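I opened a fresh page to look up side-chain contacts, one kind at a time. Come along if you like.

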Amino acid sequence: MLVWLLDHFAPLMEKIEIFSSGDSRVFLTARTALASLTAFLIAILLGPTAIRWLQARFRERVVSGSARLNEIQASKNATPTMGGLFIMAAILISILMWGNLHSPFVLVAIFVVVGFSVLGAIDDWVKLKGARNGLRAKEKFVVQLVLAGTASLLLYWHHRQVPQGLDLFWPFGEHSIYLGVGFILWGAFVMVGSSNAVNLTDGLDGLACGCMVFAGSAFVALCYMSGHREMSEYLSVPYIAGAGEMSVVLGAMVGAVMGFLWFNCYPAQVFMGDTGSLPMGALLGLAALVIRQELLLVIVGGVFVIETLSVISQVGWFRMTGRRLIACSPLHNHFLFHGHHEMKIVVRFWISSALLAIIAVASLKIH
């Protein structure tokens, strides 16, 4: 909205243009900060009303394959869920207010947020209202693949005109591999993987949200630098014209998540459900694809990666040996089974996420 207004007042535009940042003509730094603040305030203001509405309609049912886990988390039964609805509302309103709606990256981001939110909401609805524990894995995966594949295709049409736009970069050094049309499949894999990784991490009060604040903040900085010609050249990272607009989008996400965390911290008043975790993970994956830093995402989102690997390893090991590799997957449940307090686990995962974000951003200088 701000960009549209200034674009339609040429004299004002000419006066402020000299103060713009990177490739943005309209106060990219200020818009990123305002997007974050706006989304935070919307989430905080919407929270109490949304929680009451969700409390009357959508309450969590703690059902898993582990009787012990069900017993440990029995107190969470009847907690309102699908709180991702007001997270996504805060993100979208903030993007519409402060984002540049002429940017192809912003439009693809809106598509990803809406698409994955609808999928997550349907999954939560089936879980709460039906006899099944959500959508079948294959059904969910196919829809995720279609959504992510569409977003990757749209990104491919843009990036094929950008120097090194279809290259896969190694996070340390300047080595890269040209992906060509394979970028579409790779992009779908990154977004679906990131989406499911955040979803798996969302198992304790505030765990996924806190980790997302650190990972999202790191990508706010990375997108800003990638869209700034001088900064990208100094750090030897690909310069992607217009990528700075993704810092506004991610700024909105970080602000909304912090607002939601206000209510989701231990003991949680509301859970976000798949409605929130699926689109947040996909949006993080999209940002990495836009700025060609998918492998750096593995470091930034290291907590999400480890949580996912713990599930894969547990399933694989059990099928091969008939025994469990860890007490219970994902990894946070393993520590829960060993008697660690939930809040201690969450804070330690937050610390790990913060350290990984710092390491990832600092690693740019190794280039």
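My entries follow, contact type by contact type.

**Ground rule.** I am working from a predicted model, so I kept to local features with pLDDT of at least 70 and to side-chain atom pairs at pLDDT 80 or more.

**Salt bridges.** I began with the charged side chains. How many salt bridges does the count come to? I found seven salt bridges.

I looked at Asp-123 and Lys-140 before the others, and their side chains meet at 3.2 Å, N to O. Asp-123 belongs to helix H6 (residues 104–129) and Lys-140 to helix H7 (residues 137–159), so this pair ties together parts that are 17 residues apart in sequence. Are the two partners buried or exposed? Asp-123 is buried at a relative accessible area of 3%, and Lys-140 is buried too, at 12%.

Next I checked Arg-136, which forms a salt bridge with Glu-139; their closest N and O atoms are 3.3 Å apart. I noted Glu-139 as partly exposed, because its relative accessibility is 32%.

Then came Arg-292 and Glu-294, with a salt bridge of 2.7 Å from N to O. Both Arg-292 and Glu-294 are buried. I also wrote down a network: salt bridges with shared partners join Lys-76, Asp-205 and Glu-342.

**Aromatic pairs.** I turned to the rings and counted seven aromatic pairs in the structure. I picked out Phe-335 and Phe-349, which sit edge-to-face, with 6.3 Å from centre to centre and 80 degrees between the planes. Which helices hold the two rings? Phe-335 is in helix H15 (residues 331–337) and Phe-349 in helix H16, 14 residues apart, and the pair links distant parts of the chain. I compared their surroundings as well: Phe-335 counts as partly exposed at 29% relative accessibility, whereas Phe-349 is buried at 10%.

I then followed the ring pairs that link Trp-53, Phe-58 and Trp-125 into a cluster.

**Charges over rings.** Trp-125 came up again here. I found Lys-129 over the face of Trp-125, at 5.7 Å from the ring centre. Arg-68 lies over the face of Phe-337, and there the distance to the ring centre is 4.6 Å.

**Cysteines.** I asked myself how many disulfides the count comes to. The count is zero disulfides. Why does Cys-223 have no bond? Its closest cysteine sulfur, in Cys-211, is 19 Å from the sulfur of Cys-223, which is too far for a bond. A disulfide needs the two sulfur atoms within 2.5 Å. Cys-223 is also buried, with a relative accessible area of 0%.

I repeated the check for Cys-265. The sulfur of Cys-265 is 9.9 Å from the closest cysteine sulfur, in Cys-209, and that is again too far for a bond. I noted Cys-265 as partly exposed, at 33% relative accessibility.

**Nonpolar surface patch.** Last, I went looking on the surface. Which residues form a nonpolar patch there? The members are Val-347, Ile-351, Leu-355, Ile-358 and Ile-359, and together they have about 460 Å² of accessible area. I placed Val-347 in helix H16, which spans residues 342–362. Val-347 counts as partly exposed because its relative accessibility is 33%. Phe-349, from my aromatic entry, is in helix H16 as well, and I had already marked Phe-349 as buried.

Methods. Residues are numbered from 1 along each chain as its sequence is written. Side-chain values use heavy atoms; hydrogens and water are left out. Patches are made of residues with over 30% relative accessible area and no salt bridge: like charges are joined within 9 Å, nonpolar side chains (Val, Leu, Ile, Met, Phe, Trp, Tyr) within 5 Å. Accessible areas come from the Shrake-Rupley method with a 1.4 Å probe; for residues, only the protein chains shown count as cover. A salt bridge is a side-chain nitrogen of Lys or Arg within 4 Å of a carboxyl oxygen of Asp or Glu. Helices (H or I, at least four residues) and strands (E, at least two) are DSSP runs, numbered from the N terminus. Buried means under 20% relative accessible area, exposed over 50%, partly exposed in between (1.4 Å probe, protein chains only). Rings of Phe, Tyr and Trp (its six-membered ring) pair if their centres lie within 6.5 Å; planes under 30 degrees apart count as stacked, over 60 as edge-to-face and the rest as tilted. A charge sits over a ring if NZ of Lys or CZ of Arg is within 6 Å of the ring centre and within 35 degrees of the ring normal.
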